[in-house]
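Here is a structure to explore, one piece at a time. Take a look at the sequence and the 3D view, then read on.

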Amino acid sequence: MSGMALTELKPGMSARLGRQARDWVPALVVFVLAIAVWQGAIAAFHIQQFLLPKPSAIVRSCWDQRHTLWPAGWYTFKEALGGFAIGSIAGMAAATVISRFRTLGSALMPLAVAANAIPIIAFAPILNNWFNPLSPSSKIAMAAVLCFLPVMVNTLRGLQSASPRQIELMRSYAASGFTIWRHVRVPTALPFVFTSLKVASVLAMIAAIVGEYFGGSYDALGVLIRSKAQILDFETAWAGILVASVLGIALYLAVAVAERLVVRWAPETRDS
Amino acid sequence: MSDRQGNVVEVTGVTKTFPRGNVQALENIDLSLRPGEFVSLIGPSGCGKSTLLRIIGDLIEPSSGSVVVNGKSARQARNDRDYGIVFQDAVLFDWRTVSKNISLPLELLGWDRAKRKQRIDEMLQLVELQGFGDHHPWQLSGGMQQRVSIARALAFEPALLLMDEPFGALDEMTRERLNLELLSIWQQLGSTVVFVTHSISEAVFLSTRVVVMSPRPGRIAGIVDIDLPYPRTVETREAPRYFELVTEVRELLRSRGAHLLPEEEAALHE
Amino acid sequence: MSHAATATLPGKRAYGRQAATGATRALSVVAVVATLVGFYELYRWIWSSTGWTYPFVVDDTSMPHVWVILHALWQPAQVNQPALGTILFHKSLFTAKEAAVGFALGAAVGFAIGIVLAHSRLLVRGFLPYIVASQTIPILAIAPMVVVWVNPKLPPSLQGWGSVAVIAAYLTFFPVAINTLRGLQSADPHALDLMRTYAAGRWTVLWKVRVPASMPFVFSALRIAATASVVGAIIGELPSGLQSGLGGAILNFNQYYSIEPQELWATNIVAALLGIVFFLAVVGAEKAIVRRAPENTA
C-alpha cells in the first residue's frame, strides 16, 4: 500500500519531502556525535556515574524498567494533556470574550502580560492541599493554570491584529460583527494561537512534574524519578527524565504538526 | 436604479471635520455622478479625496450634508451592497486561495456553490488570471494581487466601483497595462467608477471627468471634462488633445491650489 | 505602530499625558486586584454556605480569608521572631539574588548562542532542535544532580545559592537564544547590502547592523526571561535544601499548612510580587535604554 501511495505523490511533493528529510540531517549528526562524546567522556574522565550515567546505561535502564517507566510517563502525560486542554480552551474563550470589548481588552492586556510574570508554580503546594495530593486533579489544575495566561494573551493579541483595511472591506460588504469575527479575526489570530499552544505544551508537562514533587501517586513519573534518585538509582532516575522529556517533545510536536496543517498560510509554514 | 435626476451618486453640501486635531478634511462638497461615468478625484495630500470616497461608501460619516447613492442613503446603499471597493493594497486574505478570495462577497451574499463557481470563473477570465485560482495571494506579484482585488470588487456586479489609488503601489509599466485592462472591464460592465489618484496622466487617461481638489480645507477646485474618444489606447497617450488636457488639469491644480507646498506639488506627477 | 512623535523628546504636554496614563494604569491595577479579591471571597462565601465539595472543600484551611492572609504578614511566624512579612522579604532578597545572577548568566549565554547560530544555517539545523528540547527536561528532576555537580566547583561564598542560579540560568537562556536568533536574522537586507558596499567585516556588520536590529526581539525575550529566572530560582531551591529563600519558605510552610495555611498563601503573594518586580525592572531598563515606548508592554 505504501508503494502505491508513493507513486501517487506529485513530483513537487516528493522533492519537498526530500528537502525536509535533508533538513534534519545536521540535527541527526549532532545527536550521534553528542551521544558518542557523552559515552566516551564518561569513560575517559571517570565522571561520577551517579551524576550522569552513560547513555548506554540509561537506555538499558529504560528498557529494563519499561513496565514501570512508561505507564508512569503515560500517567503524568495524561495530567499534562488534561491541564493543557483545559487551560488552553479557557484561555481562548476568555480572549474571545475580552476581545468583544475593545477598551477592556487594551486595559487588561498590559496587566495580563505583567500577571504572566507571577511564578504561579509556587501555587502548586496549595493546589495539592485543595485536591487529594495523590489524585491527578491538582496536577491537571497546575498545568491548566500555567497554560491559561500565555494562551489568553496571545489569542487576544491575535484577535486584535486584523488590519484596518480588512475591517473596512468587510464593512463595505455590510458584514455583521460576527461575520467579521469569523472571516477575518479568527483566521488572523490562528498563527498567534498556535505559537502560544506550543509554549503551553512544554509548560504543561513541567507543571505536572512540579506538582508531583509536592505529592503525587506512586504511579506518577515525577514521584518515580524523585524516589529513584533518593535511593541513588540514578540510572533509572535519568531514564525517567528521558521519558519525561520525550513525552514533552511529543506533545510539542503534535501541536507543531497541527499548526502546519491548519495554518498553511503563515510565513513559517508556507511551502514555497 | 437612480434617483429622479438619474444620477448614481449625488453628494450635496458634504463637510467633514475630524475631531482629533480639528482637521477640516472636506468643506461643502457638491458632486453628481451620472451612470456609466468614470470620474477621477485628484489632488495633493490632505485634499480629502480618500475621505470623500469613503463618505460615498458610508465607511466614514460626514459631519454635515447628504449623500445619495442609487436613490438611497449611503448607509442603505452599503447595506444593499451597491458598490465594490478596491484599496491601494490588495487586502487579500492569505488564508484563502485566489478563487476563495474572489468568492468572499458572494459567500456573504449567500450564493450557492454552483453560482459562485461560475462567477469566479467569469471574473478570473475578466482580469486574465485563469489558472491562478488555486494559488495563494503571497504567490502572486503586486499587479496580480490587485487584479484579484478588482475581480473581487466586481464579483457581485455592483453598479458603482470605488477605487482608492488602486495602482499607486505598482510600477509604471504594470500601471499602464492595468489602466488599459480597467478601461476594458469598465466598458464591458458599464459600471460607474469613482477613482482616486495622485497621477494626472492616469486621471486624464482613464476618466470621462476629472475632479480637481485642493487642500486645507478640502474643496473641489474645478472639474475638467475629458473629451477624448473611447476606446482609449496606447496611442491616446500621444494625442495632442491628451497633452492639452493634462496641462489643463495641472494648471487647475496649481492655480486653485496656489497655496500648495512644494512637496505637495512634487507629489503630483506626470 | 510607532509614530515619529514618540521618537523625539517628550514635551510638557506629553509628560502630562504620561502621568495621566500612569494614573489610569495604577487605577486599573487596583480595580483588577479588587475584582479578583472580590471573586475569591464571593466564591468562598458561596461554597462554604452551600457546602458544595466540588471541585474541592472550602473552609478556613483551604481558602483563608484575604484579610487573614494579609494580617499574617504583620505577625511573627514563630514566637520571638520578626514579622512574617520581614522574614519573607529577606527570603525574597535571597531568591532575587539567585534569580538576578541566573538571569545575567542565562541572558549572556543565550545571547552568545543566538549570535553563533545566526551565522550558520547548518548550525541552526543541527542544534536548534536540541535547544528547544532542552526545555522539555524537567529541571526539578535534574536540580539535585546540578546542585551536587556545581556546588563543589564554586568558591565557598557562592556555594548553595550558586547552583540555584545555574538552574535559573537554564530556564533563562532559551527565550533569549531563540529571540536573539530571530532578531539577528531580521536585519534589513538593504542595510546588509549597504555594509557590503563598505566591504565591512563580519564583526562590523554584526555589531552595527544585526545587533541593533535584534534589540526589540532581545528585550521582548528579556521580559520573559525575567519571569523565567524567578521561577527557576524558586524551583531550584526546592530540592537543594536551602532554607534562606522563598523556595525553602514554600516547603516549610507547606508542612504547616493544615495548622497555618495563611503563611503559605502569604508566601505566594510575596513570590508573585517578586516576579512582577523583576518584570517591571526589565521593562523599566528597556524604557531607559531605548527611550521610546517598547511594543506591547505594561
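Which exposed residues sit on the face of H8(B) turned away from its buried side? They are Pro240(B), Glu244(B) and Thr247(B). Keep in mind that this is a predicted model.

**A helix with two faces**

Let's stay with that helix for a bit. H8 of chain B runs over residues 240–256, which makes 17 residues. From its first C-alpha to its last it reaches 24 Å, close to the 24 Å expected at 1.5 Å a residue. On the buried side you'll find Leu245(B), Val246(B), Val249(B), Leu252(B) and Leu253(B). These buried residues are on the same side of H8(B) because they cover an arc of only 120° around the axis. Here's a handy rule: an α-helix has 3.6 residues a turn, so residues three or four places apart point the same way.

And what do the buried residues of H8(B) pack against? Their partners, all in chain B, are listed here.

| Partner in chain B | Residues |
|---|---|
| Helix H7 | 200–206 |
| Strand S9 | 209–214 |
| Strand S10 | 219–225 |

**The cores**

Now for the nonpolar cores. The largest has 146 residues, and Ala143(A) and Ala204(A) are the ones with the most contacts inside it. Leaving out residues up to four places away in sequence, Ala143(A) touches Glu79(A), Ala80(A), Gly83(A), Phe84(A), Gly87(A), Ala204(A), Ala207(A) and Ala208(A). There is also a second, separate core of 78 residues, which includes Val39(B), Ile55(B), Leu162(B) and Val211(B).

**How the chains meet**

Two pairs of chains touch, and the pair with the most contacts is A and C. Chains B and C, on the other hand, don't touch: their nearest C-alpha atoms are 14 Å apart.

**A closer look at chain C**

Chain C has 10 helices and zero strands, so to speak plainly, its elements read α-α-α-α-α-α-α-α-α-α from the N terminus on. Its C-alpha trace spans about 75 × 55 × 40 Å along the principal axes. Of the 298 residues in chain C, 38% are buried. Looking at the contacts in chain C with a separation of 6 or more, 76% are between residues 24 or more positions apart.

Key: Residues are numbered from 1 along each chain as its sequence is written. Chains are lettered from A and ligands numbered from 1 in the order in which they are written. This is a predicted model: local features need pLDDT of at least 70, side-chain atom pairs count only at pLDDT 80 or more; totals for chains, interfaces and linings use all residues. A nonpolar core is a set of buried Ala, Val, Leu, Ile, Met, Phe, Trp, Tyr and Cys residues joined through C-beta atoms within 7 Å. A residue is buried if 20 or more other C-beta atoms lie within 10 Å of its own, exposed if 12 or fewer, and partly exposed in between; C-beta atoms are placed from the backbone. Two residues are in contact if their C-beta atoms, placed from the backbone, lie within 7 Å. Helices (H or I, at least four residues) and strands (E, at least two) are DSSP runs, numbered from the N terminus. The expected span of a helix is 1.5 Å times one less than its number of residues. The arc is that of the directions from the helix axis to the C-beta atoms.
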